[in-house]
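Here is a set of exercises to work through with the model open beside you. Try each task before reading its solution.

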Amino acid sequence: MAGHVVEILLGKGYLVRGTVRDATKNVEHLLELDRKLPGTLKLYPAQLGDENAFDEVAKGCWGFLHIASVVVRGDETPEEQVEISKKGTLSALKSAQKGGVKTMVITSSVAAVGPTKKKHGTGQPYDESDWNDIASTHYGTYPCSKVESEKAAFQWWLDNGSPFRLSTIQFPFAFGPQQSKRVTTSNQVVQRMMSGGMPMVPSMAYNVIDIRDVAAAHVHVLESPKAFGDRFIVALKPEESGYRFSEIARVLKEYFPDYPLPSIELPLFFNRLMILIHPLFDQYNADIQSVYLGQSPYRHPGFSTNKLVKQLGFKYKHTNVRQSIKDTADSMIQLGIIDKSGQAIPPGVLYAGLLACAAAPLAVLYRCCCRKNGKKAKEE
Ligand SMILES: NC(=O)c1ccc[n+]([C@@H]2O[C@H](COP(=O)([O-])OP(=O)(O)OC[C@H]3O[C@@H](n4cnc5c(N)ncnc54)[C@H](OP(=O)(O)O)[C@@H]3O)[C@@H](O)[C@H]2O)c1
């Protein structure tokens, strides 16, 4: 996402300072933007968890966008993931204040907005007044890191006399063109599907947004004098943007029929099983169990988008999610990061595997019952 923001800023002629963890890796696309667009880009090294990480880069800047976050946990424990995000956010705020920054935007997520105990099941859309009150380090680490970081940011801002304009942005699952070979976490879904790495899709749905609109909204909010201590959700209406994984696969199949795309959606039972056994599902636990699991995407209440449009006059450009999905895949094909040689497993084989998986626990249950009944008969 940061790359798309850099592209917009350079296009507008800004002098941009960006931070990267390693200036020798995956920066060529940024340097290319610097060469071809009117603005100027300078890169600095920074790690989120380090003290004063952004002091040098923020010095004398007019605006500050804090985008980086530990999206997928590496070696960190859940507590460390939350701590790094929070520390990084506070360190960015302090550097912005020291550097004399006038306006700041912090990237959050709709994972910090919902689910909430109050609204869940009511059908009411989530809005900027909602805070996810389910996520914790035991139950949805990533949403928890976003809630904690955002709350800490607003608290710091109030405690320090609101030294500059501050806003946060929340958005859902973002697809959009890859600028480089390093695939963003959400775009990995498209990459895995197109490469045959996802023979079946989970029974899940997300609200989808185009990363280009998310990036444009970041710059819009940064530049808007009316944004002051606000949260802004960037999302499309649920009927336009609610997509099951199986629908994403179907859209891809329409545009790219030669790729080994998945054709089967796993029954709900397997979602529940995955939540129990698969570590990846930990960070999405809260979302899956309380909102997405088993619900049609169109019944998901979605998110209110009125504030950004009404208060700041933002205009969405990329509202056709099918096109966003296609553009994502096209960019990956162009970059050569889809290995088309993966084989789609024939549906017959998949169904047989599913039947075997479902039958195994039933067989165990049956045997237990038989044994119990036999014991009872013997006793009688
Ligand atoms: N994509 C979505 O669907 C989505 C939805 C809602 C919110 N968001 C938020 O949007 C922001 C951008 O995410 P993205 O989609 O662009 O995901 P991404 O591709 O995974 O980007 C995350 C960025 O954070 C950097 N980062 C991670 N840990 C870091 C650390 N310890 N120190 C310094 N930098 C670190 C990464 O640097 P490297 O390049 O060195 O790995 C990467 O540039 C994040 O705040 C994310 O939570 C994303």
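**Exercise 1. A helix across strands**

Across which strands does helix α7 lie, and at about what angle does α7 run to β8?

*Solution.* Keep in mind throughout that this is a predicted model.
- Step 1: Find helix α7 at residues 211-223.
- Step 2: Look at what lies beneath: α7 crosses β6 and β8.
- Step 3: Compare directions: α7 runs at about 60 degrees to β8.

**Exercise 2. The sheet of three strands**

Work out the strand order and the edges of the open sheet that contains β6, β8 and β10.

*Solution.*
- Step 1: The order is β6-β8-β10, and the pairing is mixed.
- Step 2: β6 (173-175) and β10 (242-244) each have a single partner strand, so one side of each has no neighbour in the sheet.
- Step 3: From one strand to the next, the twist averages 50 degrees.
- Step 4: Now take one pair: β8 (residues 205-210) and β10 are antiparallel, with 3 bridges between them. For a concrete bridge, start at Asn207 and you arrive at Gly242 in β10.

**Exercise 3. The sheet of four strands**

Trace the open sheet that contains β3, β4, β5 and β9, pair by pair.

*Solution.*
- Step 1: The 4 strands come in the order β3-β4-β5-β9, and their pairing is parallel.
- Step 2: At the edges are β3 (63-66) and β9 (230-233), each of which pairs on one side only.
- Step 3: The average twist between one strand and the next is 20 degrees.
- Step 4: Begin with β3 and β4 (residues 103-107), a parallel pair with 4 bridges. Here Phe64 sits opposite Met104 in β4.
- Step 5: Move on to β4 and β5, which are parallel and joined by 5 bridges. Val105 faces Ser167 in β5.
- Step 6: Finish with β5 and β9, again parallel, joined by 4 bridges. Thr168 has Arg231 in β9 as its bridge partner.

**Exercise 4. The surroundings of β5**

Why can strand β5 be called largely enclosed by the rest of the structure?

*Solution.*
- Step 1: Count the buried residues in β5 (residues 165-170): 6 of the 6 are buried, so the strand is largely enclosed.
- Step 2: Check each face. Arg165, Ser167 and Ile169 are buried on one side, while Leu166, Thr168 and Gln170 are buried on the other.

**Exercise 5. Helix α5**

Test whether the length of helix α5 agrees with its number of residues.

*Solution.*
- Step 1: Helix α5 (residues 141-159) has 19 residues, and at 1.5 Å a residue the expected span is 27 Å.
- Step 2: The C-alpha atoms at its ends are 26 Å apart, which agrees.
- Step 3: Turn to burial. The buried residues of α5 include Tyr142, Lys146, Ser149, Glu150, Ala153 and Trp157.
- Step 4: To read such a pattern, recall that an α-helix has 3.6 residues a turn, so residues three or four places apart point the same way.
- Step 5: Go just past the end of α5, where Gly161 has a positive phi of about 70 degrees.

**Exercise 6. Two residues to classify**

Are Gln191 and Ala135 buried or partly exposed?

*Solution.*
- Step 1: The cut-off for a buried residue is 20 or more other C-beta atoms within 10 Å.
- Step 2: Gln191, in helix α6 (residues 188-194), has 19 other C-beta atoms within 10 Å and is therefore partly exposed.
- Step 3: Beyond its neighbours within four places in sequence, Gln191 contacts Val183, Met332, Ile337 and Ile338. Gln191 and Ile333 are 142 residues apart in sequence, with 9.4 Å between their C-alpha atoms.
- Step 4: Ala135 is in the loop between β4 and α5. Ala135 has 26 C-beta neighbours inside 10 Å, so it counts as buried.
- Step 5: Ala135 and Gly114 are 21 residues apart along the chain, and their C-alpha atoms are separated by 9.0 Å.

**Exercise 7. The ligand shell**

Which residues come nearest to the ligand, and how does the shell divide by residue type?

*Solution.*
- Step 1: Out of 20 residues around the ligand, the nearest are Leu48, Ala68, Ser69, Ser109 and Ser186.
- Step 2: Sorted by type, the shell holds 11 nonpolar, 8 polar and 1 charged.

**Exercise 8. The whole protein**

Summarise the protein in terms of its secondary structure, burial and contacts.

*Solution.*
- Step 1: The protein has 14 helices and 11 strands.
- Step 2: Of its 380 residues, 38% are buried.
- Step 3: Among contacts with a separation of 6 or more, 80% are between residues 24 or more positions apart.

Terms used. Residues are numbered from 1 along each chain as its sequence is written. This is a predicted model: local features need pLDDT of at least 70, side-chain atom pairs count only at pLDDT 80 or more; totals for chains, interfaces and linings use all residues. A residue is near a molecule or strand if its C-beta atom, placed from the backbone, lies within 6 Å of it. Ala, Val, Leu, Ile, Met, Phe, Trp, Tyr, Cys and Pro count as nonpolar, Asp, Glu, Lys and Arg as charged, and the others, Gly among them, as polar. Two strands pair if DSSP finds at least two bridges between them. Helices (H or I, at least four residues) and strands (E, at least two) are DSSP runs, numbered from the N terminus. Axes are lines fitted to C-alpha atoms, for helices over the stretch in contact, and angles run from 0 to 180 degrees between N-to-C directions. The expected span of a helix is 1.5 Å times one less than its number of residues. A residue is buried if 20 or more other C-beta atoms lie within 10 Å of its own, exposed if 12 or fewer, and partly exposed in between; C-beta atoms are placed from the backbone. Two residues are in contact if their C-beta atoms, placed from the backbone, lie within 7 Å.
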